Amino acid sequence: MKLLIDVGNTAVKYALEYEGRISPVKESDIEWQKLTAIVCSQVGKVAGLQWVESRASEFGLVLEQAQVSARRAGVTCAYPSFKNLGIDRWLAVLAAHALYPTQDIIVIDSGTATTVDVVTAHGIHMGGWILPGIDLMISSITARAERVFCDENTPFAAEFAKNTPEAVKNGALAATLGLVHSAKQQLNNESALVLCAGGYGELIKNHIASAVFDDLLVFKGLSVWWKNPQ
């Protein structure tokens with residue numbers, strides 16, 4: 001049984017992989033005596049993992065940090081300086097290609113930041129984009145523009161707004177969806193699979209025809225990374 005850890009910008013998430021199945025788990029429910037490996041993706045600060053390293057050492061385990069490389073699991077990284085690519089993006093790309101190896105894929109992960117990465121059916125990572133996440137877009141404009149305001153009750157919609165809160169929320173959503181359309185154009189493949197993840201992943205999926213939402217994408221990427229050392 002493997003313990004998979006995703007250290008994001010705002011939260012630390014845990015999952016267990018056993019017999020090919022990945023299940024989220026609370027840290028209080030981790031069965032340490034059954035673990036055979038611990039693999040971690042670290043984007044945020046690692047201070048919160050000190051207790052994991054201490055606990056792991058009690059059972060003779062080592063916390064293994066996933067790293068970006070020029071090539072792994074059949075995927076070639078687009079970045080010449082590959083270490084500059086965020087590990088969460090790399091793992092999402094590895095998972096996407098492993099899950100859908102015959103398709104061109106646009107991976108959009110929308111959390112604190114929204115990232116887009118494109119990987120072809122041949123395992124070529126084409127690169128991608130980073131922009132502020134939807135919440136960050138909203139908070140930045142309302143904090144800096146005196147007469148622009150928003151509220152929690154206004155729903156997101158992919159349509160023209162009729163009031164200011166709608167304009168702010170719908171604008172943030174439209175900007176995010178625009179990334180996907182631009183990616184399809186640059187890839188020259190309107191039928192490319194759109195794979196969504198992150199806190200706003202399901203919202204984005206609901207506004208893109210045939211898109212797929214996968215809340216375990218980074219965990220699946222950790223599993224792929226661990227199983228494929230080359």
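Select Ile141 first: leaving aside neighbours within four places in sequence, Ile141 is in contact with Val148 and Val168. Keep in mind that this is a predicted model.

**Stop 1: Ile141 and its helix**

Ile141 sits in helix H3. Is Ile141 buried, exposed or partly exposed? Its relative accessible area is 39%, so Ile141 counts as partly exposed. Now add Val168 to the selection. Ile141 and Val168 lie 27 residues apart in sequence. In space, their C-alpha atoms are 8.1 Å apart.

**Stop 2: H3 against H4**

Widen the view. Select residues 134-144 for helix H3 and residues 164-187 for helix H4. Two packed helices are described by the angle between their axes and the distance between those axes. Here the axes come within 9 Å and cross at roughly 135°. H3 and H4 are therefore oblique to each other. The crossing of H3 past H4 is right-handed.

Which residues make the contact? On H3, show Ile134, Met137, Ile138 and Ile141. On H4, show Val168, Lys169, Ala172, Ala175 and Thr176. Colour them by class: the contact of H3 with H4 has 7 nonpolar, 1 polar and 1 charged residues.

**Stop 3: strand E11**

Move to residues 193-197, strand E11. How many of its residues are buried? The count is 5 of 5, so E11 is mostly covered, buried being under 20% relative accessible area. Turn on the side chains. In a regular strand the side chains alternate between the two faces of the sheet. In E11, Leu193, Leu195 and Ala197 point one way. Val194 and Cys196 point the other way. Both sets are buried.

**Stop 4: the partners of E11**

Add strand E8, residues 105-110. E8 and E11 run parallel and are joined by 5 bridges. Pick Ile108 to see one pairing: its bridge partner in E11 is Cys196.

Then add strand E12, residues 212-213. E11 and E12 also run parallel, with 2 bridges between them. Here Leu195 stands opposite Val212 of E12.

**Stop 5: Lys2**

Finish at Lys2, in strand E1, residues 2-7. Is this lysine buried or exposed? Lys2 has 8% relative accessibility, so it counts as buried. What does Lys2 touch, not counting residues up to four places away in sequence? Select Ala15, Leu16 and Glu17, then Leu35, Thr36 and Ala37, and then Trp226 and Lys227. Show them together with Lys2 to see these contacts.

Notes:
Residues numbered from 1 in each chain as written. Predicted model: local features only at pLDDT ≥ 70, side-chain atom pairs only at ≥ 80, totals over all residues. Heavy atoms only, no water. Axes fitted to C-alpha atoms, helices over the stretch in contact; angles between N-to-C directions. Helix = DSSP H or I, 4+ residues; strand = E, 2+ residues; numbered from the N terminus. Parallel < 35°, antiparallel > 145°, perpendicular 65-115°, else oblique. Left-handed = near helix turned anticlockwise from the far one by under 90°. Contact = heavy atoms within 4.5 Å. Nonpolar A, V, L, I, M, F, W, Y, C, P; charged D, E, K, R; others polar. Buried < 20%, exposed > 50% of the residue type's maximum accessible area, 1.4 Å probe, protein only. Pairing = 2+ DSSP bridges.
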